[in-house]
Every structure is written in structure tokens, then in C-alpha cells.
Amino acid sequence: MTPAEQPWLIVGQGLAGSCLAWEFWQRGVPFQILDRGNGGCSRIAAGLINPITGKNFEPSWRINDFHSHAIAFYENLEKILGTRLWHPLPVLRLATSAKEWEKISSKLHLSEISHWIEPADTPAPPGFHGAVQLSGGGRIDTANFINTTRNFFSDRSLYVTSTYAPDVPGKNRILCQGAEGLMLNQLGPHRCAKGEILTLRAPWPESHIRIGAGGWLVPIGNRHFRVGSTYEWNQLDELPTSAGSERILAIVAKLGGPDFEIIDHVAAIRPILRRSQPLIGKNMDDTWVFNALGSKGALYAPKMAFYLAEWIINGRRPDESLIISC
Ligand SMILES: Cc1cc2nc3c(=O)[nH]c(=O)nc-3n(C[C@H](O)[C@H](O)[C@H](O)COP(=O)(O)OP(=O)(O)OC[C@H]3O[C@@H](n4cnc5c(N)ncnc54)[C@H](O)[C@@H]3O)c2cc1C
């Protein structure tokens with residue numbers, strides 16, 4: 001078998017590796033996935049998709065390019081996998097101060113923002129200075145996506161549980177290792193950030209995702225909610241902490257209420273590099289890389305996987321803003 005005919009080895013089966021595997025599968029390109037089988041942040045992420053984000057209330061980077069592609073990608077896989085992945089829900093963006101509400105209000109007329117605003121069907125809860133309702137939001141059930149994808153490819157002998165050893169010779173490798181890959185520092189200084197999430201049971205309204213007070217509250221059905229999150233740059237491990245829990249409980253007090261039970265507490269590390277934008281490219285040693293999905297992997301992974309597959313298979317190099325300089 002010549003190197004060109006060797007199946008591609010996709011290292012890592014988080015959102016990046018999974019989306020790329022589906023691109024290869026749908027194009028009939030031979031591949032195998034290798035993953036350690038535990039860890040990684042896709043399995044714990046809230047999977048939130050929110051077009052207008054952050055304290056500055058700005059559109060996510062290239063939202064128009066990535067949003068519709070991502071939704072179509074997950075909806076198509078729902079048919080193949082026979083499971084629900086995309087749970088659309090309106091986003092209620094809440095302002096905790098008069099200054100924040102002034103900033104949000106001043107941007108509502110901008111075309112790139114007004115496009116995502118819809119009439120609010122619920123008032124701002126007590127304690128907030130204003131609320132705006134956004135369309136296009138929802139959550140991807142990332143754990144379900146990862147598990148059903150793994151089962152699908154395992155059943156076809158295209159998935160192996162193992163640890164990748166870079167010193168073993170081989171061709172046609174694509175490294176989708178998330179934070180673990182970035183923390184090797186081969187792509188330059190990283191800005192990976194640990195994050196923690198609580199899962200709660202509570203009698204709160206389940207009609208909207210609530211965003212504000214430095215966090216989010218996402219209904220996941222049956223009176224369960226996920227709440228987060230924290231950013232921690234020094235202690236980069238996957239261990240939940242009491243400090244993290246305290247920070248999230250302060251968000252819960254503002255976005256939810258007093259009456260809840262904690263069901264679960266998880267932590268993982270977001271893969272973040274430089275500009276906090278997803279990147280694809282080729283290393284000096286000819287391995288390909290797909291990483292740096294940051295805090296928005298659910299939104300960015302599908303189209304980035306498409307761009308990478310087009311580049312690898314058809315030689316179509318994407319625009320330079322998507323390319324990692326290794
Ligand atoms: C607390 C928290 C909340 C988040 N919430 C959201 C959200 O609401 N919305 C959103 O879009 N994103 C969210 N994210 C970000 C999202 O989780 C990431 O963008 C995305 O999951 C990254 O996917 P990935 O495939 O690059 O990495 P990972 O999911 O980390 O996958 C990498 C995989 O590679 C494997 N691996 C690494 N090295 C090796 C090796 N040597 N051998 C074998 N296997 C290996 C790992 O085991 C892992 O399975 C959140 C992240 C965190 C931490």
C-alpha cells in the first residue's frame with residue numbers, strides 16, 4: 001500500500017475528530033479513529049450555540065459562515081444516527097447593570113445584530129436591567145454526539161481505543177487532540193482554560209437559555225439544567241473544585257433561583273490558541289492539525305472539518321485566517 005492509499009488516522013474523537021470522520025465517511029475516504037477513550041472537553045461541554053456573545057454583545061466570529069452549516073450538519077446526522085442532537089431554544093440575554101443594558105441597547109440597530117433579535121416572549125426576570133431575545137440559539141448534545149459517533153464507527157471497525165504515540169512511524173495522520181495537543185506547545189504558546197459545569201434539578205422555566213451575570217443556564221429537559229462556567233488558566237486539569245462550584249453557584253443565584261439540587265459537577269480544558277479562533281493546517285513533519293476550537297466547538301467544528309476535508313482530499317486551500325502557521 002502506498003502512503004497515499006493508507007487510511008487516514010484521525011487522532012482524537014472530540015468534536016473536531018468526530019466531525020472530520022463524518023466528512024471522510026460521507027466522501028468514501030478510508031480512515032480510522034484513535035482515541036484514548038476518556039477525557040477531553042467535548043464529552044462535558046454544554047454545547048451552547050449563541051450567535052451574539054460576550055460582555056460586548058458581539059456576533060460570534062464569522063457566524064454567518066458557520067451557523068447554518070453547523071445546524072444542517074447536526075440535523076443530517078440525527079437522521080443517520082437516529083438520535084436527537086440539536087435542541088433549538090431562544091436565548092434570553094440579560095443585563096445585570098444599567099451600563100450593560102445601555103451597551104446592549106446601543107447595538108440593537110446594527111444589521112449584524114438585529115438579524116438575530118426576535119420579539120421577547122418573556123419579561124426580564126426581577127433583578128435585571130433589561131433583556132433581549134435572540135434567535136438561532138440552542139444546544140448540541142455533545143456527549144450524545146460523541147457517544148453515538150463512536151458507536152457508529154466502532155461497529156464498522158473504524159474506531160480504536162488507544163493512546164497515540166507520535167514517535168511511531170506512519171503517514172496520513174490528522175491530530176485532533178484538543179487541549180492535550182495544544183499543551184505540548186508545538187503550535188506556540190496556548191491559552192487553554194479549564195472550565196467547570198454544574199448540572200442541577202430545579203423547578204425553573206425551561207423555555208429559554210438564560211445568559212447574563214457572567215454565565216449561562218441551559219435547560220436540558222426533565223427539569224434539569226446545566227450552568228456554567230468558569231475560566232481558570234493555571235490549574236489545567238479535569239478535576240472539579242469547590243472554588244469552581246462556588247463561582248457557578250453565584251451565577252445560579254442570579255440566573256436561576258434558590259430552589260435546586262446539584263446532580264453533577266464536571267471539569268475539562270478548552271483548547272484555546274492565540275486569537276481564540278479555530279485552526280487547521282499541516283505540521284513540518286507532514287501531520288495535519290485541527291484544533292483551537294476554544295469555547296465554541298459546537299458551532300465551529302462542522303464547517304472547519306468541511307474546510308479541512310476539502311483541503312486534504314481536493315487540494316482546496318481555505319482562506320488564510322483558518323490556517324495555523326506551524
Ligand atoms: C466547561 C466547558 C464548557 C463548554 N461549553 C461549551 C458550549 O457551551 N458550547 C460550545 O460550543 N463549546 C463549549 N465548550 C468548548 C468545547 O467543549 C470545545 O470547543 C470542543 O469540545 C473541543 O473539541 P476537540 O475535539 O478539539 O477537543 P476534545 O473534545 O478535548 O477532544 C480531544 C480528544 O483527543 C483525545 N486525545 C488527546 N490526546 C490523545 C492521545 N495522545 N492519544 C489518544 N487520544 C488522545 C482526547 O482523549 C479527546 O477525546 C466548553 C468547554 C468546557 C471545558
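This passage describes the ligand shell, the packing of helix α1 and the setting of one strand residue in a predicted model.

The ligand is surrounded by 41 residues. Of these, G12, G14, G40, G178 and G297 come nearest. Several elements each supply at least two residues of the shell. The helices among them are α1 (15-27), α6 (178-182) and α8 (297-314). The strands are β2 (31-35), β13 (193-201) and β17 (261-270). By class, the shell holds 17 nonpolar, 18 polar and 6 charged residues.

Helix packing comes next. Two packed helices are described by the angle between their axes and the distance between the axes. The axes of α1 and α8 cross at roughly 45° and come within 8 Å. At that angle, α1 is therefore oblique to α8. The crossing is right-handed. On the α1 side, the contact is made by L15, A16, C19, L20, E23, F24 and R27. On the α8 side, the contributors are G297, A298, A301, P302, A305, F306, L308, A309 and I313. The residues of this contact divide into 13 nonpolar, 1 polar and 2 charged. G297 thus has two roles: this glycine belongs to the α8 side of the helix contact, and G297 is also among the residues that come nearest to the ligand.

Helix α1 also packs against helix α5 (residues 142-155). Here the axes lie 10 Å apart, at an angle of about 45°. The two helices are therefore oblique to each other. The crossing of α1 and α5 is left-handed, whereas α1 passes α8 in a right-handed crossing. L15, S18 and A21 of α1 meet T142, F145, I146, T149 and F153 of α5. This contact has 5 nonpolar and 3 polar residues, and no charged ones. L15 takes part in the contact with α5 and in the contact with α8.

The last site is L175, in strand β12 (residues 173-175). L175 counts as buried because 24 C-beta neighbours lie inside 10 Å, and 20 or more are needed. Beyond its neighbours within four places in sequence, L175 is in contact with V11, G12, G181, T287, W288 and V289. One of these, G12, is among the residues nearest the ligand. Another, G181, falls within the span of α6 (178-182). L175 and G127 are 48 residues apart in sequence. In space, their C-alpha atoms are 46 Å apart.

Terms used
Residues are numbered from 1 along each chain as its sequence is written. This is a predicted model: local features need pLDDT of at least 70, side-chain atom pairs count only at pLDDT 80 or more; totals for chains, interfaces and linings use all residues. A residue is near a molecule or strand if its C-beta atom, placed from the backbone, lies within 6 Å of it. Helices (H or I, at least four residues) and strands (E, at least two) are DSSP runs, numbered from the N terminus. Ala, Val, Leu, Ile, Met, Phe, Trp, Tyr, Cys and Pro count as nonpolar, Asp, Glu, Lys and Arg as charged, and the others, Gly among them, as polar. Axes are lines fitted to C-alpha atoms, for helices over the stretch in contact, and angles run from 0 to 180 degrees between N-to-C directions. Angles under 35 degrees count as roughly parallel, over 145 as roughly antiparallel, 65 to 115 as roughly perpendicular and the rest as oblique. A crossing is left-handed if the near helix is turned anticlockwise from the far one by less than a right angle, and right-handed if clockwise. Two residues are in contact if their C-beta atoms, placed from the backbone, lie within 7 Å. A residue is buried if 20 or more other C-beta atoms lie within 10 Å of its own, exposed if 12 or fewer, and partly exposed in between; C-beta atoms are placed from the backbone.
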